Amino acid sequence: MVACPAPAAALRGCDVPVQRVEASAFTVPTDTPEGDGTLAWDSTTLVLVEATGGGRSGIGWTYGPAACVAVVRDRLGPVVAGRSALDVQGSYHAMVPALRNDGRPGIAALALSAVDTALWDLKARLLELPLHRLLGSVRDTVPVYGSGGFTTYTDQQLVDQLESWRDVGVPRVKIKVGESHGTRTGRDTARVRLARSTIGPGAELYVDANGGFTAAQAIAWWHQVAEHGVSWFEEPVSSDDLAGLRRVRDAVGADVTAGEYGYDLTYFARMLDAGAVDCLQVDVTRCGGITEWLRVTAVAAAHHIDVSGHCAPHLHVGVAAATPNLRHLEWFHDHVRIERLFFEGAEAEPTDGVLRPCEGPGNGLRVRPRAVEPYRVR
Ligand SMILES: [Mg+2]
């Protein structure tokens, strides 16, 4: 490591106020219809937040309705403006009470997450540090798993996607099951068989039912596919059914996982206290941003449980590199495509199943204004 002069020495002994927090929304059609066990969609909306101060700009985002823009503009932006850009946790703990009467889970938490991630990026850029160094890196590389395998895909589309990950050395992949709320288990089984034959015996094979099964159904179906070496069973039942998750966990040989709908620390603590998961999924674009991610992953560590980052891989990679109990990140087809389109610095494929956090200031990404503009909805 090269010793460098202290960055941004001019910041010592002074403060930098956040000047502006702005939000905008962009809706991008999917490349082909996408669906899982309990939902189908043909477009995805990214809500982008830019926080400026001290002559720098930080970016963060979430995936959610354009209504998040109003929460940022009308509720959170005014709370953060004028606060220290160096004290992100201070801003976070000022924003949370401001959302009390709006209801934090859902749209408010998505907006909160986008602002928090933008503020961390701004701070890192002000200090001229890569985000993972600001947070305290614990690893040089971050493992990923390929994720897509939508129930709406034809067999050929599924094979093509799995081969695309296999060909760049991603050694673990996930497909959607629980099709049509668990009413097409025969097709689920056939797709698992096809996936295993495509990736070969050495790669890890994960499935995600998005809550499409009952507990009894999930257990029975898992025994049908056990011979294909499924090692990760995500949301076999609704994430709200903690007893059901625990029941499946006790009955199957795969890791049972959930957590993608966690919007605050208490949600994750309840899930862990219930013994509902073998690996806790956390989404930095939903849980409350990097500030809450750090607290959630610490609570998981206290339960001796690994965490896995859900979706939005380029917003996760910096904090993932600073998370001791990280298992991996989700290299989610839909978000990889959008992040490559929208951000300079998001072009790289994983190499041998890992990403490397950016060594430039902040998250290392820059918005491509001309690329995003055609998709603007707010
Ligand atoms: Mg999922």
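This section describes the surroundings of V72 in a predicted model, from the sheet beneath its helix to the core it belongs to.

Confidence was examined before the details. The mean pLDDT of the chain is 96. A value of 70 or more is reached by 97% of the residues. The N-terminal stretch departs from this picture: over residues 1-6, pLDDT stays under 50. For residues 1-6 the model has zero contacts beyond four places in sequence. Where pLDDT is low, predicted coordinates should not be read in detail.

The sheet was considered next. Three strands form an open sheet in the order β1-β2-β3, and their pairing is antiparallel. The edges are β1 (20-35) and β3 (56-63), each of which pairs on one side only. From one strand to the next, the twist averages 20 degrees. Strand β2 spans residues 40-53 and is joined to β3 by eight bridges in the antiparallel sense. One residue pair can be named here: A51 has G58, in β3, as its bridge partner. Helix α1 packs on this sheet and touches β1, β2 and β3. The direction of α1 makes about 150 degrees with that of β1.

V72 lies in helix α1, which covers residues 68-80. Around V72, 28 other C-beta atoms fall within 10 Å. The threshold for burial is 20 or more, so V72 counts as buried. Residues up to four places away in sequence were left out of the contact list. On that basis, V72 touches V21, A23, V49, G77, A111, A114 and V115. V21 and A23 fall within the range of β1 (20-35). V49 falls within that of β2 (residues 40-53). A111, A114 and V115 fall within that of helix α3 (residues 107-126). L127 is not among these contacts. The C-alpha atoms of V72 and L127 are separated by 25 Å, with the two residues 55 apart along the chain.

The contact with A111 was also followed from the other side. With residues up to four places away in sequence again excluded, A111 touches C68, V71, V72 and L76. These four residues fall within the range of α1 (residues 68-80).

V72 and A111 also stand out in the nonpolar core. The largest such core has 113 residues. Within this core, V49, V72, A111 and V115 touch the most other members. Helix α3 gives the most to the core, with 14 residues. Domain 1 (9-131) and domain 2 (136-362) both contribute residues, so the core lies between them. In soluble globular proteins, nonpolar side chains tend to be buried together.

Terms used:
Residues are numbered from 1 along each chain as its sequence is written. This is a predicted model: local features need pLDDT of at least 70, side-chain atom pairs count only at pLDDT 80 or more; totals for chains, interfaces and linings use all residues. Helices (H or I, at least four residues) and strands (E, at least two) are DSSP runs, numbered from the N terminus. A residue is buried if 20 or more other C-beta atoms lie within 10 Å of its own, exposed if 12 or fewer, and partly exposed in between; C-beta atoms are placed from the backbone. Two residues are in contact if their C-beta atoms, placed from the backbone, lie within 7 Å. Two strands pair if DSSP finds at least two bridges between them. Axes are lines fitted to C-alpha atoms, for helices over the stretch in contact, and angles run from 0 to 180 degrees between N-to-C directions. pLDDT is the predictor's confidence in each residue, from 0 to 100. A nonpolar core is a set of buried Ala, Val, Leu, Ile, Met, Phe, Trp, Tyr and Cys residues joined through C-beta atoms within 7 Å. Domain bounds come from an automatic or database domain assignment.
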